[in-house]
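Got the viewer open? Let's take a short walk through this one, selecting as we go.

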Amino acid sequence: MQERSTALIHHPYAPPEGFAAPQPGVFKASTVIFPSVAAMRNFEWKDKTAYTYGLHGTPTTYTLEERLCTLEGGLQCVLLPSGLAAIANVALSLLRSGDEVLIPDNAYGPNKALAEGELTSWGISHRYYDPLNPQDLAAKISSQTRLVWLEAAGSVTLEFPDLCELVRICRARGVLTALDNTWGAGLAFAPFDLLPGVEPSLGVDISVHALTKYPSGGGDVLMGSVITRDAALHMKLKLTHMRMGFGVGANDVEAVLRGLPSLALRYRAHDETTRTLAQWCQTRCEFVQVLHPALPDSPGHEHWREVCQGGPGHAAGLLSVIFQAHYSQSQIDAFCDALKLFKIGYSWGGPISLVVPYKLASMRSTWPGHLKQGTLVRFSVGLEAAADLQSDLSQALQAALT
Ligand SMILES: *Cc1c(COP(=O)(O)O)cnc(C)c1O
């Protein structure tokens with residue numbers, strides 16, 4: 001007869017098999033138990049045929065990986081503890097001392113900070129290219145260039161680059177492309193098949209997604225994914241992931257799995273409300289420029305039409321405005337402070353609308369010629385009713401600027 005302490009650990013009860021519920025079960029593990037020593041020696045984690053250690057995969061992480069592949073049209077997926085960690089995993093895996101990475105000047109800021117603050121000290125150089133000028137990218141690709149980052153739409157300023165042309169240039173030069181696909185979320189366009197129906201298909205090599213944003217949808221999870229359509233490239237990324245000890249918690253994976261079924265509905269709702277607000281902003285004299293890829297005069301609109309209008313025609317939930325140059329920074333700050341429904345905070349993709357004033361001059365290597373002078377404010381539009389958000393913007397403009 002075992003002591004009760006032992007019996008509680010080695011309990012014989014196993015619940016019946018066949019439990020079926022809409023939400024998959026959550027498996028948490030560092031240790032995975034093998035049936036025998038032989039199994040321990042033979043089990044292989046790299047091809048997902050078995051389990052060896054929690055860090056290398058559980059039914060919960062495999063399930064999310066497969067669903068994300070479906071979302072983005074890829075074949076393999078690696079999960080990381082944040083979107084930025086996903087970006088770093090790509091850099092760590094593919095770049096070595098002496099290599100160069102090219103990054104669009106409007107890239108997600110921390111991607112640039114990673115290059116400036118970490119990659120440089122490892123002997124990996126970087127250059128920024130003008131995302132609206134494919135010839136600038138073509139001119140900057142050198143024999144040291146190993147990786148080109150793409151982002152559509154660009155962070156904060158929301159220009160939509162000529163993705164097809166940028167990818168064609170990289171392909172012709174044999175350079176890998178990695179797209180930060182957080183804005184498109186796998187819904188606005190197909191990263192691995194930018195022009196569906198056109199053969200041969202044109203697409204990026206790697207799609208990185210901050211699941212923190214739309215897939216989570218709650219503003220309560222940090223996670224990232226790296227999706228590919230090439231087994232050898234995936235294995236390179238996965239081995240780096242394994243050697244670095246990157247992993248994700250099962251509870252966080254569960255939260256993202258729970259968000260996925262409503263992703264398309266939420267994305268469409270964010271999109272529709274954002275377009276309504278963008279059009280309204282265009283009627284306001286306080287703004288010299290409204291940046292939103294679906295607006296005909298927004299930078300890169302024709303490229304948005306090419307890859308997004310051909311698909312479902314989506315445009316996410318981000319919108320930026322540039323205020324008339326005569327408004328002072330403190331007036332713009334007062335406008336942000338006066339907003340009631342829009343909260344002041346980073347990130348996006350959750351139910352709550354957010355606002356951030358940016359100091360653009362310090363974020364770009366040159367002031368983009370297509371942007372008017374003035375202070376830029378970015379809104380990330382949540383799931384509140386458009387009319388309420390519009391009233392909020394209106395009252396804050398009134399309160400702060402008159
Ligand atoms: C938020 C974001 C990331 C990083 O995601 P985290 O999970 O916050 O690290 C990367 N790229 C883009 C475009 C983002 O908006």
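**Stop one: the ligand and its shell**

Select the ligand and everything near it (a heavy atom within 4 Å): 14 residues come up, the closest being Gly83, Leu84, Asp180, Thr212 and Lys213. This is a predicted model, where local features need pLDDT of at least 70 and side-chain atom pairs pLDDT 80 or more, while totals for chains, interfaces and linings use all residues. Numbering runs from 1 along each chain as its sequence is written, and side-chain values use heavy atoms, with hydrogens and water left out.

Colour the shell by class and you get six nonpolar, five polar and three charged residues (Ala, Val, Leu, Ile, Met, Phe, Trp, Tyr, Cys and Pro are nonpolar; Asp, Glu, Lys and Arg charged; the others, Gly among them, polar). Helix 4, residues 83-94, gives the most to this shell, with three residues (helices are DSSP runs of H or I, at least four residues; strands are E, at least two; both are numbered from the N terminus).

**Stop two: the polar atoms**

Now show side chains. Asp180 puts an N or O atom 2.6 Å from a ligand nitrogen. Switch to Thr212, with a side-chain N or O atom 2.5 Å from a ligand oxygen, then to Lys213, where a polar side-chain atom also lies 2.5 Å from a ligand oxygen. Of the 380 Å² that the ligand exposes when taken alone, the protein buries 90% (Shrake-Rupley, 1.4 Å probe).

**Stop three: helix 4 again, with company**

Finally, select helix 4, helix 5 (109-119) and strand 6 (206-210): each supplies at least two residues of the lining of the largest pocket.

Note on methods
Polar contact = N/O pair within 3.5 Å; in protein donor to acceptor, adjacent residues only side chain to side chain.
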